[in-house]
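I opened my notebook to get to know a new structure. Come along as I look things up one at a time.

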Amino acid sequence: MAAQLELGLDTFGDVTVDLEGRPVHPAQVVRDVVEEAVLADQVGLDFIGLGEHHREDFAISSPETVLAAIAARTERIRLGSAVTVLSSDDPIRAYERFATVDALSHGRAEVVLGRGSFTESFPLFGFDLDRYEELFEDKLSLFAEAVKEQPITWSGTTRTPLADQSVFPPTENGLTTWIGVGGSPESVVRTARYGFGLFLAIIGGDPVRFRPYVDLFHDALEKMDQPAKPLAVHSPGYVADTDEQAREELYEHFQAQRARIGAQRGWPAPTRLQFEQEASPHGSLYVGSPETVARKIARTVEALGADRFDLKYSNGAVPHAQLMHGIELYGTKVAPMVRDMLAGS
């Protein structure tokens, strides 16, 4: 496992402040994300995923465009979404955009498809939220045809049918496809049915509690005569030189972001006690020194049998300079420690 494990990063392009606390323009945030990805490549990390959002606190609404810029400045890191909100997109256009990133990056593109935990894209692009489930299932079935890279004959309920229609450009070696899942058994089984990788978003509680979903995924693949598929985990976190520094630098921004989103959804604002509980060895917030974060990642990977762990390294308005330092620590210290820990176990 230690030799095969991939360690990556995810970001939604959270709109940041500078070191003096002044807001940074979203355009600069996008440019900063490119620099963060370049650093991730330089320190040997395996993957960077960019989330799609359409709201003022996140700067990335078009992950593929930013990934194309990253592709031109990196050598080996794999490039994907985290996630692409397929329900409010066109499956054929989404496939074409990622196939183009794959060409620019010499085969390093991946796509993580999801329904999205935010719903702003539905009214923005003219989709009815009452058809939330139908839209995703219907469009996923069409995307699954597109990745076969053969002429498509398809019909569904959310768009016009296709008859022997080809899609361009084709990739050179196929497009790696995952489905992002937040903990629904039905979503796990659906992922297995299509034969895609499972990308678990674990953002609260003990990650070990997701083991039944992992077992369900492997059992479903076997029963459906699908080949083995990879499992990835996405969780929030932040790395600094010491545990105290990491928690103090992150808490204000983490709390403000969660409180703002909670107010929109009817959740209470998180307390410092809740933050500390999630930052504990059995929580889903990977915050601390390199050794602390590495120990938590190793525990999660071992318990779930994950093939990839992605740290969602941007959580609120943490300044770009601090994010860069965290990325450097993650690549140069955390990643080697995780592999050493897993090899020793």
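Entry one: a helix pair. In this predicted model, I looked up how helix 6 and helix 7 pack, and found an angle of about 35 degrees with the axes 8 Å apart. I noted that helix 6 passes helix 7 in a right-handed crossing. For the meeting residues, I wrote down Pro-185, Val-188, Val-189, Thr-191 and Ala-192 from helix 6, which meet Tyr-213, Leu-216, Phe-217, Ala-220 and Leu-221 from helix 7.

Entry two: helix 7 alone. I checked its length: at 1.5 Å a residue, the 13 residues (211–223) should span 18 Å, and the end C-alpha atoms are indeed 18 Å apart. Which residues of helix 7 are buried? I found Val-214, Phe-217, Ala-220 and Leu-221. Seen down the helix axis, these buried residues fall within an arc of 130 degrees, so they line one face. On the other side I found Pro-212, Glu-222 and Lys-223 exposed.

I then asked what the buried residues of helix 7 pack against. My list reads helix 6 (185–194), strand 9 (197–201), strand 10 (231–239) and helix 10 (290–304). Just after helix 7, I spotted Asp-225 with a positive phi of about 60 degrees.

Entry three: the core. I looked up the largest nonpolar core and found 88 residues in it. Those with the most contacts inside this core include Leu-45, Phe-143, Ile-297 and Tyr-330. Helix 11 (residues 320–344) gives the core its largest share, eight residues. I picked Leu-45 for a closer look: among the residues it touches are Leu-7, Leu-9, Ile-77, Ile-327 and Tyr-330.

Technical notes:
Residues are numbered from 1 along each chain as its sequence is written. This is a predicted model: local features need pLDDT of at least 70, side-chain atom pairs count only at pLDDT 80 or more; totals for chains, interfaces and linings use all residues. Side-chain values use heavy atoms; hydrogens and water are left out. Helices (H or I, at least four residues) and strands (E, at least two) are DSSP runs, numbered from the N terminus. The expected span of a helix is 1.5 Å times one less than its number of residues. Buried means under 20% relative accessible area, exposed over 50%, partly exposed in between (1.4 Å probe, protein chains only). The arc is that of the directions from the helix axis to the C-beta atoms. Contact means heavy atoms within 4.5 Å. A nonpolar core is a set of buried Ala, Val, Leu, Ile, Met, Phe, Trp, Tyr and Cys residues joined through side-chain atoms within 4.5 Å. Axes are lines fitted to C-alpha atoms, for helices over the stretch in contact, and angles run from 0 to 180 degrees between N-to-C directions. A crossing is left-handed if the near helix is turned anticlockwise from the far one by less than a right angle, and right-handed if clockwise. Lists of a residue's contacts leave out its neighbours within four places in sequence.
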